[in-house]
Amino acid sequence: MNIDLEGKVALVTGGGSGIGAACVRQLVALGAQVVVADISLDNALSVSDKLGDQASAVQADVSRPEDAERMVEAAVSRFGALDIAVNNAGVGVPVKAAVGDTGFDEWRRVLDVNLDGAFFCMRAQLPRMSAGGSVVNLASVMGAVAAEGSSSYVASKHALVGLTKSAALDYAAAGIRVNAVGAGFVDTPLLAGRNPEWLATIAAAHPLGRLAQPDEIASVVAFLASPAASFITGAYVPVDGGYLAK
């Protein structure tokens, strides 16, 4: 199967590192022009500068609705359209806590980015897309199951899967597809500095016996964004090394 994104314009949030940066690189390699959005302009530029005229960087905080609108305007102004949106920006839970011990500020921090941010982005993106457009939201295996001490993260990812399905139904008649990827645990900066024993335990929880690499997630994102996935919408697609099969 040959995926060709020549002439397509994409926007990737959280594109300055990890899965987002891998998505940017793969989309450009397949022919797309890509706006790299990140809360850190330096990170976004570090990715886009290596890709020449095919990529452009913009600083944006997805938890701010005005920034979501500005990202879309940047894509349309720079490249003339918006065909693909990868809503990857997200935050984790650095300190685990039971529901009763989770502070409101921590709850709000995670939901503001992981759920509200995806909503603000889609609200800005979808009206600017034409038939053939595709949105891919980065969920998690925690969009299907749960883990102790991670209520805000689990709630945000479960809700993101539901939001994805609703948007897919809303825009199916317009020929725009919306899907979510359920990534397993991925070797990205979000896991940097974690306890090595904990990382080994997490890796072993995947039947394939290891963490995913960002490019392995990005490959599925690129497929879902492409015409090769033209009959897939409203789907939650696990890319999890068998984590959910247990």
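Let's start with Val 181, whose bridge partner in β7 is Val 237. Strands β6 and β7 (residues 236-239) run parallel, joined over 4 bridges; two strands pair if DSSP finds at least two bridges between them. Strands here are DSSP runs (E, at least two residues), as are helices (H or I, at least four), numbered from the N terminus.

A quick word on the source. This is a predicted model, where local features need pLDDT of at least 70, side-chain atom pairs count only at pLDDT 80 or more, and totals for chains, interfaces and linings use all residues. Residues are numbered from 1 along each chain as its sequence is written, and side-chain values use heavy atoms, with hydrogens and water left out.

Now, what sits beside β6 in β5 (residues 134-138)? Those two strands also pair in the parallel sense, over 5 bridges, and Val 136 stands opposite Asn 179. Add helix α5 (residues 151-171), and β5, α5 and β6 make a right-handed β-α-β unit. Right-handed means that, with the strands pointing away from the viewer, the path from the first strand over the helix to the second runs clockwise.

So is β6 (residues 177-183) mostly covered or open? Covered: 7 of its 7 residues are buried, meaning under 20% relative accessible area with a 1.4 Å probe, protein chains only (exposed is over 50%, partly exposed in between). In a regular strand the side chains alternate between the two faces of the sheet. Here, Arg 177, Asn 179, Val 181 and Ala 183 point one way, while Val 178, Ala 180 and Gly 182 point the other.
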